[in-house]
Amino acid sequence: MLEASVQSGQLAAILLMAVALGLDAFSLGIGVGLRGGLRYRHMLGMSFLIGLFHMLMPLLGLSAGRYVGLLLGQVTGLAAGGLLVLLGGHMIHNAFRGGEGKLVHPSALLGMLLFSLSVSIDSFSVGLSLGMFVHDVTLIVVTFGVVGGLMSILGLMLGRQVSSKLGEYGEMLGGLILVVFGVMFIV
């Protein structure tokens, strides 16, 4: 009985951490979705990549160990924030220019990879922490991936719906959201 209680408590904690990490993907998905013009296949591709990165990053963190976490603790937040500020700034620039950039367009492979990495990089640090006391790596990795992917697709779809009502200001607002989150990661 006690063992089942401990396991259900551990599962609840893992699920809560997955939701907390997925909230970044959800809220930033709204920002990218506000850009407008994203097709469902791009949103699915981006969500798949986010889910994949939400699995890969904690797996790397779980296997990297305590020492690497101490060295990279501050760098991961700076890297994630910097990527988001660059992506958001690019979106704002494109909104004022009236054109679409080719390099970091959210539906382009590089844009999807940068976005997926930026919302998943904090999973690395969580993986480092969990690696010290959790033994069921498969459960953690799969839960983080599924929840992160689902929350990102929900955010992208919500942003897309709101974007159709905002028109041309959607990309600017989406870029501003990404910049604000990027600055929050850095600070």
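1. Buried here means under 20% relative accessible area. The model is predicted. With that cut-off, helix α4 has Gly111, Met112, Phe115, Ser116, Ser118, Val119 and Ser120 as buried residues.

2. The length of α4 can be checked. The helix covers residues 109–120, twelve residues in total, and at 1.5 Å a residue these should span 16 Å. The C-alpha atoms at its ends are 16 Å apart, so the model agrees with the expected value.

3. The largest nonpolar core contains 18 residues, and those with the most contacts inside it are Val32, Met46, Ile50, Phe115, Val119 and Leu156. Two or more residues each come from α1 (2–33), α2 (40–64), α4 and α6. Helix α2 gives the largest share, six residues. Another core lies apart from this one; it has nine residues, including Ile14, Leu21, Leu62 and Val141.

4. Ser152 belongs to helix α6, residues 137–166. Its relative accessible area is 0%, and because the cut-off for buried is under 20%, Ser152 counts as buried. Leaving aside residues up to four places away in sequence, Ser152 touches Ala25, Phe26, Ser47 and Ile50. Ile50 is also among the residues with the most contacts inside the largest nonpolar core.

5. On the surface, Leu78, Val183, Ile186 and Val187 form a nonpolar patch, and together they have about 380 Å² of accessible area. Ile186 is in helix α7, which covers residues 169–186. With a relative accessible area of 39%, Ile186 is partly exposed, whereas Ser152 is buried.

Key
Residues numbered from 1 in each chain as written. Predicted model: local features only at pLDDT ≥ 70, side-chain atom pairs only at ≥ 80, totals over all residues. Heavy atoms only, no water. Helix = DSSP H or I, 4+ residues; strand = E, 2+ residues; numbered from the N terminus. Expected span 1.5 Å × (residues − 1). Buried < 20%, exposed > 50% of the residue type's maximum accessible area, 1.4 Å probe, protein only. Contact = heavy atoms within 4.5 Å. Patch = residues over 30% accessible without salt bridge, like charges linked within 9 Å, V, L, I, M, F, W, Y side chains within 5 Å. Areas by Shrake-Rupley, 256 points an atom, 1.4 Å probe, with all protein chains shown as cover. Salt bridge = Lys/Arg side-chain N within 4 Å of Asp/Glu carboxyl O. Core = buried A, V, L, I, M, F, W, Y, C linked by side-chain atoms within 4.5 Å.
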